[in-house]
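Open the model in your viewer and keep the selection box at hand. This tour goes stop by stop: what to select, then what is there.

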Amino acid sequence: MLSWFRRRAEDRRTAIDLYGAIVTRARQPAFFDVHGVQDTPEGRTALIILAMFPVLERLQGAGTGERHAARLLCETFITDVDDSLREMGVGDLSVPKKVKRAAQALGERCLAYSRAVASQEPPEALSHELAITIPGLDSRTSGAEAIAHATLSFRAALQGIETEKLLAEPSALPDFPGMTREEIGGVR
């Protein structure tokens, strides 16, 4: 029985570490400084969902253990949203409604992004979805298009990493191409 608790704690730690790596990728400065995503709680949450999409897609397409990891990753996201709302001073009565909306947004956006990627024109379809779902992006500007291409490249790079390695070493998660400080020319 103790091994069950230990395994459960290890699985949660893996999800937390992987979520931390995802958040790090979603907080790259080029999203905000170069491509115009609003640096607000809504904009940051939208980017976290975008970065989670390929990871969840990858985990849910694998075996039972990986699907369990995907579920724990979603739970970690929801816990983070709840904690963040409380830290921002949102009232206790409003938090559950806002957390529910964030959980729905995660599911709906992942589904929309998945459909866009499976379409005949993935970059254009994904760019359109990003312009709709990420605050500050507009289909008339190049930000949504650049982020769509970076997301598709991130997704492709993720496919080259073994699932076991990804879960054992969350730092193996690739960066979004063109979004790191080094790639955009220094520190802001």
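One point before starting: this is a predicted model.

**Stop 1: α3 against α7**

Select helix α3, residues 41–60, and helix α7, residues 142–159. Their axes lie 10 Å apart, and the packing angle is about 30°. Angles under 35 degrees count as roughly parallel, so α3 and α7 are roughly parallel to each other. Look along the pair for handedness: α3 and α7 make a right-handed crossing.

Now show side chains. On α3, pick L50, A51, F53, P54, V55, E57 and R58. On α7, pick I147, T151, F154, R155, L158 and Q159. These residues make the contact between the two helices. Colour them by character: 8 are nonpolar, 2 polar and 3 charged.

**Stop 2: α6 across α7**

Keep α7 on screen and add helix α6, residues 122–133. How do these two axes cross? The angle is roughly 120°, and the axes come within 8 Å. The two helices are therefore oblique to each other. Here too the crossing is right-handed, with α6 passing α7.

For the interface, select P122, P123, L126, S127, L130 and A131 in α6. Opposite them in α7 are A144, E145, I147, A148, H149, T151 and L152. This contact divides into 9 nonpolar, 3 polar and 1 charged residue. Note I147 and T151: they belong to the α7 side of this contact, and they also appear in the contact with α3.

Zoom in on S127, in helix α6. Is S127 buried or exposed? Its relative accessible area is 11%, so S127 counts as buried. Ignore neighbours within four places in sequence, and S127 is in contact with A144, E145 and A148.

**Stop 3: α5 beside α6**

Hide α7 and bring in helix α5, residues 95–117. The axes of α5 and α6 are 7 Å apart, at an angle of about 155°. Angles over 145 degrees count as roughly antiparallel, which makes α5 roughly antiparallel to α6.

Select R109, A112, Y113, A116 and V117 on the α5 side. They meet P122, A125, L126, E129, L130 and T133 of α6. The tally is 8 nonpolar, 1 polar and 2 charged. P122, L126 and L130 are worth labelling: they are in this contact with α5, and they meet α7 as well.

**Stop 4: two lysines on α5**

Stay on α5 and select K98. With 32% relative accessibility, K98 counts as partly exposed. Beyond neighbours within four places in sequence, K98 is in contact with L85 and V90. Try a distance from K98 to S139: their C-alpha atoms are separated by 27 Å, and the two residues are 41 apart along the chain.

Next, K100, also in helix α5. K100 has 54% relative accessibility, so this lysine counts as exposed. Draw a second distance, from K100 to D82. Their C-alpha atoms are separated by 9.6 Å, with the two positions 18 residues apart in numbering.

**Stop 5: the aromatic pairs**

Switch to rings. How many aromatic pairs does the structure hold? There are 4. Two of them are worth a close look.

Begin with Y19 and F77. Their rings sit edge-to-face, 6.5 Å centre to centre, with 65° between the planes. Y19 lies in helix α1 (residues 2–26) and F77 in helix α4 (residues 64–87), so the pair ties together parts that are 58 residues apart in sequence. Both Y19 and F77 are buried.

Then select F31 and F176, another edge-to-face pair. The centres are 5.3 Å apart, and the planes stand at 75°. This pair links distant parts of the chain, 145 residues apart. F31 is in helix α2 (residues 29–33), while F176 is in the loop between α8 (163–168) and α9 (181–184). F31 is buried, at 1% relative accessible area. F176 also counts as buried, at 1% relative accessibility.

**Last stop: back to α7**

Add F154 to the F31 and F176 selection. Ring pairs link these three residues into a cluster. F154 was on the list at the opening stop: it is one of the α7 residues in the contact with α3.

Note on methods:
Residues numbered from 1 in each chain as written. Predicted model: local features only at pLDDT ≥ 70, side-chain atom pairs only at ≥ 80, totals over all residues. Heavy atoms only, no water. Axes fitted to C-alpha atoms, helices over the stretch in contact; angles between N-to-C directions. Helix = DSSP H or I, 4+ residues; strand = E, 2+ residues; numbered from the N terminus. Parallel < 35°, antiparallel > 145°, perpendicular 65-115°, else oblique. Left-handed = near helix turned anticlockwise from the far one by under 90°. Contact = heavy atoms within 4.5 Å. Nonpolar A, V, L, I, M, F, W, Y, C, P; charged D, E, K, R; others polar. Phe/Tyr/Trp six-rings, centres within 6.5 Å; stacked < 30°, edge-to-face > 60°. Buried < 20%, exposed > 50% of the residue type's maximum accessible area, 1.4 Å probe, protein only.
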